Amino acid sequence: MENLLFINACVRGERSRTLKLARRFLDAYRAAHPDTVITERDLCAARLQPQYPEVLAERDALWSAGKLEQPMFEPAWQFAAADKLVIAAPFWDMSFPAILKIYLERISVTDLTFGYSEEGAMVGLCRASKLLYITTRGGNYAGTPMETATPVLKALCTMYGIPEFQCLDAEGLDDIRNDKEALLADAARRAEALAEVF
């Protein structure tokens, strides 16, 4: 039985266009893959602390003592064990909301999500075969220097050993010249088609 981990970084909650698109994908995925267990991690509910000095000191002490079973490392264990990953986060100040950055820092743990070979090369330790990033943007920024979230997540996939990265997006949603509902409907169709093969 496969395990899909859904990481929800949609800070506007159920009003979020990104979350609505993600829910459309997940509903279609659930219908196409009924044996998959889908677990949601709501980052707004989890409220992980940033890596303040005292948090980092505690983490370093636990890691150095080999106490990786401590609750502080639970997010990293969960991420590393997932068969597939879906991250939903809106376009936010050229990237994604801070809650996702905090989460990514918390799961980046040596010997859990990545490690090093005897030669010193980085080795990914995550089980997932794919990571899907779902996002919506007010303007048209995909593939431009203004959009920095996708390159970061692609790089982290390499670091974590996740071989396939995909992005499902809807753009131009705040451009008054565009038909917002038509753009969202097109993205929903793409979400459903992707769910069949993801």
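**Exercise 1. Locate Leu-153 and describe its surroundings.**

Solution. Leu-153 sits in helix α6, where helices (H or I, at least four residues) and strands (E, at least two) are DSSP runs numbered from the N terminus. The model is a predicted one, in which local features need pLDDT of at least 70 and side-chain atom pairs count only at pLDDT 80 or more, while totals for chains, interfaces and linings use all residues. Residues are numbered from 1 along each chain as its sequence is written, and side-chain values use heavy atoms, with hydrogens and water left out.

The next step is accessibility: Leu-153 has a relative accessible area of 3% and is therefore buried, given that buried means under 20% relative accessible area, exposed over 50%, and partly exposed in between (1.4 Å probe, protein chains only). Setting aside neighbours within four places in sequence, Leu-153 is in contact with Ile-87, Phe-96, Leu-104, Tyr-133 and Phe-165, contact being heavy atoms within 4.5 Å. Finally, Leu-153 and Cys-167, 14 residues apart in sequence, have C-alpha atoms 9.9 Å apart in space.

**Exercise 2. Identify the largest nonpolar core, the elements that contribute to it, and the contacts of Phe-79.**

Solution. Start from the definition: a nonpolar core is a set of buried Ala, Val, Leu, Ile, Met, Phe, Trp, Tyr and Cys residues joined through side-chain atoms within 4.5 Å. The largest such core has 36 residues, and those with the most contacts inside it are Phe-79 and Leu-100. Two or more residues each come from β1 (3-8), α3 (53-64), α4 (74-81), β3 (84-88), α5 (98-107), β6 (130-136) and α6 (149-160). Of these elements, α6 gives the most, with 6 residues.

Turning to Phe-79, and leaving aside its neighbours within four places in sequence, its contacts are Leu-5, Ile-7, Leu-85, Tyr-103, Ile-107, Thr-113, Cys-126, Leu-131, Tyr-160 and Ile-162. A second, separate core has 22 residues, including Ala-22, Ala-28, Leu-132 and Leu-168. As a general matter, nonpolar side chains in soluble globular proteins tend to be buried together.

**Exercise 3. Take the UniProt binding-site residues and work out the setting of Thr-136 and Arg-137.**

Solution. The unreviewed UniProt entry places the feature "binding site" at Thr-136, Arg-137, Gly-138 and Gly-139; UniProt positions are given in the numbering used here, feature names are shortened, and annotations may be inferred rather than shown by experiment. Of these residues, Thr-136, Arg-137 and Gly-138 are included in the lining of the largest pocket. For that term, a 1 Å grid over the protein atoms alone is used, and a pocket is an open set of points where a 1.4 Å probe fits, with protein on both sides within 12 Å along at least five of seven lines, its lining residues having an atom within 4 Å of a point.

Thr-136 belongs to strand β6 and, at 5% relative accessibility, counts as buried. Beyond its neighbours within four places in sequence, Thr-136 is in contact with Arg-17, Thr-18, Leu-21, Pro-90, Phe-91, Ala-170 and Leu-173. With Thr-18 there is also a side-chain to side-chain polar contact of 2.6 Å, the term meaning a pair of N or O atoms within 3.5 Å of which, within protein, one must be able to donate a hydrogen and the other to accept it, while residues adjacent in sequence count only if both atoms are side-chain atoms.

Arg-137 lies in the loop between β6 and α6 and is buried, with a relative accessible area of 1%. Not counting residues up to four places away in sequence, Arg-137 touches residues including Phe-91, Glu-147, Asp-169 and Leu-173, and its side chain makes a polar contact of 2.8 Å with that of Asp-169.

**Exercise 4. Decide whether Cys-10 and Cys-44 are bonded or unbonded.**

Solution. A disulfide is a pair of cysteine sulfur atoms within 2.5 Å, and by this rule the count comes to 0 disulfides. The cysteine sulfur nearest to that of Cys-10 belongs to Cys-44 and is 8.1 Å away. The closest cysteine sulfur to that of Cys-44 is likewise in Cys-10, and at 8.1 Å the separation is too far for a bond, so the pair is unbonded. As for accessibility, Cys-10 is buried, with a relative accessible area of 3%, whereas Cys-44 is partly exposed, with 21%.
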